[in-house]
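Hi there,

Here is the structure I promised to pass on. Have a look at it first, and my notes follow underneath.

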Amino acid sequence: MRFHVLFAALILPFSLSLLSPCSATFFLNISSIPPWFVIPDVTKSAWDIFQNLSGCHAGDKIDGISKLKNYFNEFGYIPTSPANFTDDFDDALESAIKTYQKNFNLNETGQLDNDTLQQIIKPRCGNADIVNGSTTMNSGKTSSYNTTIAHFHTVGHYAFFPGTPRWPANMLDLTYAFLPGNSLTDDVKAVFSRAFVKWSTVIPLTFTEIDSYSTADIRIGFFVGDHGDGEPFDGVLGTLAHAFSPPSGRFHLDGDENWVISGDISSNSGSTAIDLESVAVHEIGHVLGLGHSSVEDSIMYPTISSGTRKVELASDDIEGIQILYGSNPNYNGSSSTTSTNQSDTNDCSRPHVIHSLWGSCIMMAIGLVLLYW
Ligand SMILES: [Zn+2]
Ligand SMILES: [Zn+2]
């Protein structure tokens, strides 16, 4: 009898994990993250090893430089194949660093100074900053680059994918659906609904959730590691999500992140928690056709630190998306979209969102109690 109980205790959680292979970890708010998820002074992502390269410059040869070249290759700064990379700090790397520094508003030293390294290791979107050699941020712009919308006078930093793809004019009422295997709760789905509203407020598009994942225009899923599109996720932090240009509609998030779905996330900056809505608003920008922007306050800036929440469209985002789709007739011209998070504080007293790891722990505990009962 005890053997059967023990068997069930051990096998059931394992079976559940097989049924939902991509189940991500969600926390209703920052205070619901258990202490053992807060990992100060411990390497949080694969990119933290780049800290060892501080002060490197052209002519050096140091372990880890080949990995940094892989990083710059992934985001479009070095176009050659990763298979050829050495640990030599060569001209290609120096050029990549200078371009990166320009894109992220850093001093263009070509060296791995501390400011540059701290930017490099920040969690970020998996979409490249430079696509097919076409630079989409500062380095691809001239000082005379200006928007074609007459009533905006600021220099535009927004960017589009090569070829400026957008959803066609006969597809302005878009549908979206969630990967069924993720079994997302209504609380998590509501985060995406709020994120879509940020964009539909300023452009004449609508977004409606439907059940059919296969027929939806926009397909949202949490995946772990290699998930078949050539853009594998990398565990906690590092790349957080990516999305494809229109009219693909593919919108993928890293199931290994510790996603927080509401409340003030800034009170726990030492954790690996990432604000889901902030990332969702950014990725929807890609789904609609925007590339990365060098404006740090913009939604389309590529990086976001853990413990940070940024969900309001900046004027740069609005200018860019309205060039693609025009303005929503009801949009009043305010650069800040309406916040829909008034109920955040009320959520604190609600039960924590169930996630796979806690679920497994609970199942194990029940099994052990039954075993000795
Ligand atoms: Zn992005
Ligand atoms: Zn993907």
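Let me begin with strand 4 (residues 173–178), which runs parallel to strand 5 (residues 206–209) and is joined to it by four bridges. Helices (H or I, at least four residues) and strands (E, at least two) are DSSP runs, numbered from the N terminus, and two strands pair if DSSP finds at least two bridges between them.

Please keep in mind that this is a predicted model: local features need pLDDT of at least 70, side-chain atom pairs count only at pLDDT 80 or more, and totals for chains, interfaces and linings use all residues. Residues are numbered from 1 along each chain as its sequence is written, while chains are lettered from A and ligands numbered from 1 in the order in which they are written.

Strand 4 is also parallel to strand 6 (residues 218–223), with three bridges between them. Tyr 176 is a handy landmark: it stands opposite Glu 209 in strand 5, and its bridge partner in strand 6 is Ile 218.

Now the whole sheet. It is open, with five strands in the order 5-4-6-8-7 and mixed pairing. Strand 5 and strand 7 (241–243) each have a single partner strand, so these edge strands have one side without a neighbour in the sheet.

As for the helices, helix 5 (residues 186–200) lies across strand 4, strand 5 and strand 6, where contact means C-beta atoms, placed from the backbone, within 7 Å.

Happy browsing!

Technical notes. Two residues are in contact if their C-beta atoms, placed from the backbone, lie within 7 Å. Axes are lines fitted to C-alpha atoms, for helices over the stretch in contact, and angles run from 0 to 180 degrees between N-to-C directions.
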